[in-house]
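Open the model in your viewer and follow the stops below in order. Each stop says what to select and what is there.

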Amino acid sequence: MTPIISDIRILDNLLALNLNVSLWSARRKMNQEDLGGAELPPEDLASLGSKRIADPENLKVFGTLKARAFNYLDRHGVRFMSGWAIPEEKAGEIVQELCNIRNDFQKEKEAFLADYDQNVQGWIEKHHQWGEIIRNSIVGPDYVRARMDFRWQLYKVSPLAQHTDNTAVLEAGLAEEVQGLGGTLFGEVAKSAEDIWRRVYHGKTEVTHKALSPLRTLHSKLTGLSFVEPHVAPVADIVQAALQRIPKKGNITGTDLLLLQGLVCLLKDSDALVAHAQKVIEGYGPAFVLDALLAGSATASAPDVPAGRRDGTVDAELDDAPILPDTLSVETAVPHSAIPSLGLW
């Protein structure tokens, strides 16, 4: 298997971003008085749960905004230490989007706090039988305000080069974090591809051009992080080449759909994906990989003409058989009975 190891020098091209989103749960701890002094087991045996003092429906928007921020950073960065590594050249646009989400968060926060007392009273009326245990735990809007926040820290990361105690340098741990960044990126690509397969391509015999959107998002992520590991840029080239083969208009069916389904299956398999990226590095163009996907054969041979090698030459010692995972066979990607005859069986 081709090793996936990122070089410490990639730190020159990335920034680390840590996102802190604090949400108020509207929960307070239950106590014995809430249950009218009923006899309870000792605390070392069991503990009481919690009670809501406000309608959770009014707080859902904050969870949605948090998820929006996380999803955005996942689309443009890669998980790193306690946050994300993002391309330094994209820092401006990424921070601008976070500012937009923060602005929405603050607007919703102010709107929630403006109606806070009324919302709490409505919650008490809805659960009037238990109104007293809610009243006993009500907190003021200033308390809630202090517990709802949206902020981030953007910083440059560099290795510890010198210290009076050499152990601190040798055991800093940053090198190991950076070395695993390429593997993390390919793992995230595989996870995204699994989701794309399930939501967009599985069992389909026809899709619209909207089906290309998640692949374009993946391509953008790979392009922005191409410096992370040598195989990332070739993978981006493979995805781009596939997108360029798809007609600009009309629904996507037949051979074009099979190509996209094969591509998504390849993206789901990190080992096979890196192996095919290595072929591109060695001189075989993305077209070679895509043709192998379309053929759906684990024993497909490289072309005898320059289409196989970018430089138009043939290396007799180069193993030119792509290593396609089992999931990449056309028949596996889409049930045979659901696909019109395309001369592939």
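Start with the contacts of the whole chain: of those with a separation of 6 or more, 77% are between residues 24 or more positions apart. This is a predicted model. Its chain has 345 residues, and 41% of them are buried. Switch to a cartoon view to see 14 helices and 8 strands.

**Colour by confidence**

Colour the chain by pLDDT. The mean is 84, and 81% of the residues reach 70 or more. Now select residues 297-323, where pLDDT stays under 50. The model has 45 contacts beyond four places in sequence for this stretch. Then select residues 326-345, where pLDDT again stays under 50. Here the model has 37 contacts beyond four places in sequence.

**The largest pocket**

Next, select Asp74, Arg75, Glu188, Ser192 and Leu218. Of the 14 residues that line the largest pocket, these five lie nearest its centre. Three elements each give two or more residues to the lining: helix H1 (60-76), helix H8 (181-201) and helix H9 (213-224). Show these helices as cartoon and give each its own colour. Which of them gives the most to the lining? That is H8, with 6 residues.

The space in the largest pocket is about 370 Å³. Colour its lining by residue type: 8 residues are charged, 3 are polar and 3 are nonpolar.

Why does the largest pocket lie between domain 1 and domain 2? To see this, colour domain 1 (11-156) and domain 2 (180-298) separately; the pocket lies between them because both give residues to its lining.

**Two loops with a positive phi**

Most residues other than glycine have a negative phi. The last two stops have a positive one.

Select Ala26, in the loop between strand S1 (14-22) and strand S2 (27-29). Ala26 is not a glycine, yet its phi is positive, at about 65°. Is Ala26 buried or exposed? Its relative accessible area is 0%, so Ala26 is buried.

Move on to Met81, which is found in the loop between strand S4 (78-80) and strand S5 (83-87). Met81 is also a residue other than glycine with a positive phi, in this case near 50°. Show the surface around Met81: its relative accessibility is 42%, so Met81 counts as partly exposed.

Key:
Residues numbered from 1 in each chain as written. Predicted model: local features only at pLDDT ≥ 70, side-chain atom pairs only at ≥ 80, totals over all residues. Heavy atoms only, no water. 1 Å grid on protein atoms, 1.4 Å probe; cavity = no way out; pocket = protein on both sides within 12 Å on 5 of 7 lines; lining within 4 Å. Points joined across faces, edges and corners; volume = space filled by probe spheres on them. Helix = DSSP H or I, 4+ residues; strand = E, 2+ residues; numbered from the N terminus. Nonpolar A, V, L, I, M, F, W, Y, C, P; charged D, E, K, R; others polar. Domains from an automatic or database assignment. pLDDT = per-residue confidence, 0-100. Contact = heavy atoms within 4.5 Å. Buried < 20%, exposed > 50% of the residue type's maximum accessible area, 1.4 Å probe, protein only.
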